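Please open the model in your viewer and keep the sequence beside it. This tour goes from stop to stop, saying at each one what to select and what can be found there.

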Amino acid sequence: MKPETTSRIWHPFTQHALQDETPKIVRGDGAYLYTADGRRIIDAIASWWVVTHGHCHPEIVAAIRKQAEQLNQVIFAGFTHEPAEELAALLLKLTPPGLDYVFFSDSGSTSVEVALKMALGYWRNIGEPRSRILVMQHSYHGDTIGTMSVGARGVFNAAYEPMLFDVTSVPFPERGHEQATLDALEAACRGDNPAAFIVEPLILGAGGMLMYPAWVLKEMKRICETHDVLFIADEVMTGWGRTGTLFACEQADVSPDVACYSKGLTGGSLPLAVTLCRADIFDAHYSRDRQRTFFHSSSYTANPIACAAAKANLGLWQRQETRKQVASVAVMQEERLAAFRADARFRNVRRSGTITALELDVPDGGYLAGIGPQLQSYFRSRNLLLRPLGNTIYVMPPYCITAADLDAIYAGISDASDALI
Ligand code: PLP
């Protein structure tokens, strides 16, 4: 029976039959969210990994306000505008060398769809059609049909399986078994005539915050390069400082052929995404033959207000203070993990840059672990926004988080374990 008070809004990734409370948020400020009934919640997951410098960062808000009064939307097919032009130029300066063109879209999923379409379009337009995509086990790239196809098959997409296209998956590089991943990638590159390999660099997010070392990323890129397979880096989650560097690929000195960025691109203020690519991928579509056009768009492509917000965000990244803040969050996070490493209730205590993750040692693990919803409501009762992936608890805060807030978050995690297992 649906509760009388339920609004008619269908929330994402939410089982309404089990949701005990849906807090109404009226304001955001820094690392905090404020509810209509006067509570202050610490946002320990940056509102789904998007809020980098804190909620309502004044410089980003000012840029949005200014742009909204000037030009708030214009068709981007055949037209351009200053916020998009300046943003693209800045992105090309900040991203790994070799990325020469910027294609705008609206979300992480669409940026990945664009990447896949660029890859297939490239091969077709140079007269060597290829369509097979190589992927990594446990990956997540979004919830559209294409992105689900290149993501792990499981509970997230079981109902849609008949619509998903076939891919070749290489094993996740478990510690001590990295060579198996590299061998599988090499074999798939040789055997399957693939168009591209898509991967989340250094850390697989929704797949369980699974981390692997930079040398594996570097090797995977080398293998793809050797076999002329396009290397797509999905930095939708890892971008904008999350792994300690601006982009995860920097740590492996990898220049992807195609790269996807979203989430923190606007500092978490507005939806926007970009897919960057090598010049020859653009060139393969550049022709007087209209059939070679890159047929992709959405109505709000390169929305000027979102571009202005992203430009303000990139401005913040030009400052040393921002990078220092990222380094300091990484240190503060590491310090708090020590106690958990020595605690038998937890397994796989780990960190990549500003992200930490650990598993509660329960008999039924995985995304549907029974403990998941209990943990979520416990954290809500402590005014902490944490959203475990089953029994995997992770902390991915905005970079303005304080030591005291982190203490409160980790005390909540420890107490939840006392209370629930
Ligand atoms: N790619 C990765 C690595 C992600 O983590 C996500 C979302 O979490 C996506 C793509 C999809 O992004 P969006 O939810 O903005 O569509």
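Before the first stop, one pair of cut-offs is needed: a residue is called buried when its relative accessible area is under 20%, exposed when that value is over 50%, and partly exposed in between. Please also keep in mind throughout that this is a predicted model.

**Stop 1: a salt bridge within a helix**

Select glutamate 219, which has a relative accessible area of 24% and is therefore partly exposed. Now add arginine 222, whose side chain meets that of glutamate 219 in a salt bridge, with 3.0 Å from N to O. Why are these two residues separated by about one helical turn? Both belong to helix α7, residues 214–226, and they are three residues apart in it, so about one turn of the helix separates them. Arginine 222 has a relative accessibility of 41%, and it therefore counts as partly exposed as well.

**Stop 2: two further salt bridges and a network**

The structure holds 23 salt bridges, and a second one to select joins the side chains of aspartate 280 and arginine 278, at 2.6 Å from N to O. Aspartate 280 is partly exposed, because its relative accessible area is 29%, and arginine 278, at 21% relative accessibility, also counts as partly exposed.

Next, select arginine 347 and aspartate 361, which form a salt bridge whose closest N and O atoms are 2.9 Å apart. This pair links distant parts of the chain, since arginine 347 lies in strand β13 (residues 346–352), while aspartate 361 lies in the loop between β14 (355–360) and α11 (371–381), 14 residues apart. Arginine 347 is partly exposed, with a relative accessible area of 34%, and aspartate 361 counts as partly exposed at 40% relative accessibility. To finish this stop, select Glu21, Asp37 and Arg39, which are joined into one network by salt bridges that share partners.

**Stop 3: the ligand**

Which residues surround the ligand? Select Trp49, Ser107, Gly108, Ser109, Tyr140, His141, Gly142, Glu200, Asp234, Val236, Met237 and Lys263, and the shell around the ligand is in view. Sorted by kind, the residues of this shell divide into four nonpolar, five polar and three charged.

Three of the distances to the ligand can be checked with the viewer's ruler. From glycine 108, a backbone N or O atom lies 2.8 Å from an oxygen atom of the ligand, whereas in serine 109 a polar atom of the side chain lies 2.7 Å from a ligand oxygen. In lysine 263, an N or O atom of the side chain is 3.0 Å from an oxygen atom of the ligand. Taken alone, the ligand exposes 390 Å², and the protein buries 84% of that area.

**Stop 4: a nonpolar patch and helix α1**

Turn to the surface and select Phe13, Trp48, Val155, Tyr367 and Leu368, which form a nonpolar patch with about 470 Å² of accessible area together. One of these residues, tryptophan 48, lies in helix α1, residues 46–49, and its relative accessible area of 34% makes it partly exposed.

Serine 47 also lies in helix α1, and its phi angle is near 50 degrees, a positive value in a residue other than glycine. At 26% relative accessibility, serine 47 counts as partly exposed.

**Stop 5: a positive phi angle in a loop**

Move on to leucine 202, in the loop between β7 (196–199) and β8 (203–204). Its phi angle is near 70 degrees, again a positive value in a residue other than glycine. Is leucine 202 buried or exposed? With a relative accessible area of 4%, leucine 202 is buried.

**Stop 6: threonine 168 and glutamate 113**

Select threonine 168 in strand β6, residues 168–170, together with arginine 132, because a polar contact of 2.8 Å joins their two side chains. Threonine 168 is buried, with a relative accessible area of 17%.

Finally, select glutamate 113, which is found in helix α4, residues 108–125, and which is buried at a relative accessible area of 18%. With arginine 351 selected too, the distance between the C-alpha atoms of the two residues is 29 Å, and they are 238 residues apart along the chain.

How values were computed. Residues numbered from 1 in each chain as written. Predicted model: local features only at pLDDT ≥ 70, side-chain atom pairs only at ≥ 80, totals over all residues. Heavy atoms only, no water. Patch = residues over 30% accessible without salt bridge, like charges linked within 9 Å, V, L, I, M, F, W, Y side chains within 5 Å. Areas by Shrake-Rupley, 256 points an atom, 1.4 Å probe, with all protein chains shown as cover. Salt bridge = Lys/Arg side-chain N within 4 Å of Asp/Glu carboxyl O. Helix = DSSP H or I, 4+ residues; strand = E, 2+ residues; numbered from the N terminus. Buried < 20%, exposed > 50% of the residue type's maximum accessible area, 1.4 Å probe, protein only. Near = heavy atom within 4 Å. Polar contact = N/O pair within 3.5 Å; in protein donor to acceptor, adjacent residues only side chain to side chain. Nonpolar A, V, L, I, M, F, W, Y, C, P; charged D, E, K, R; others polar.
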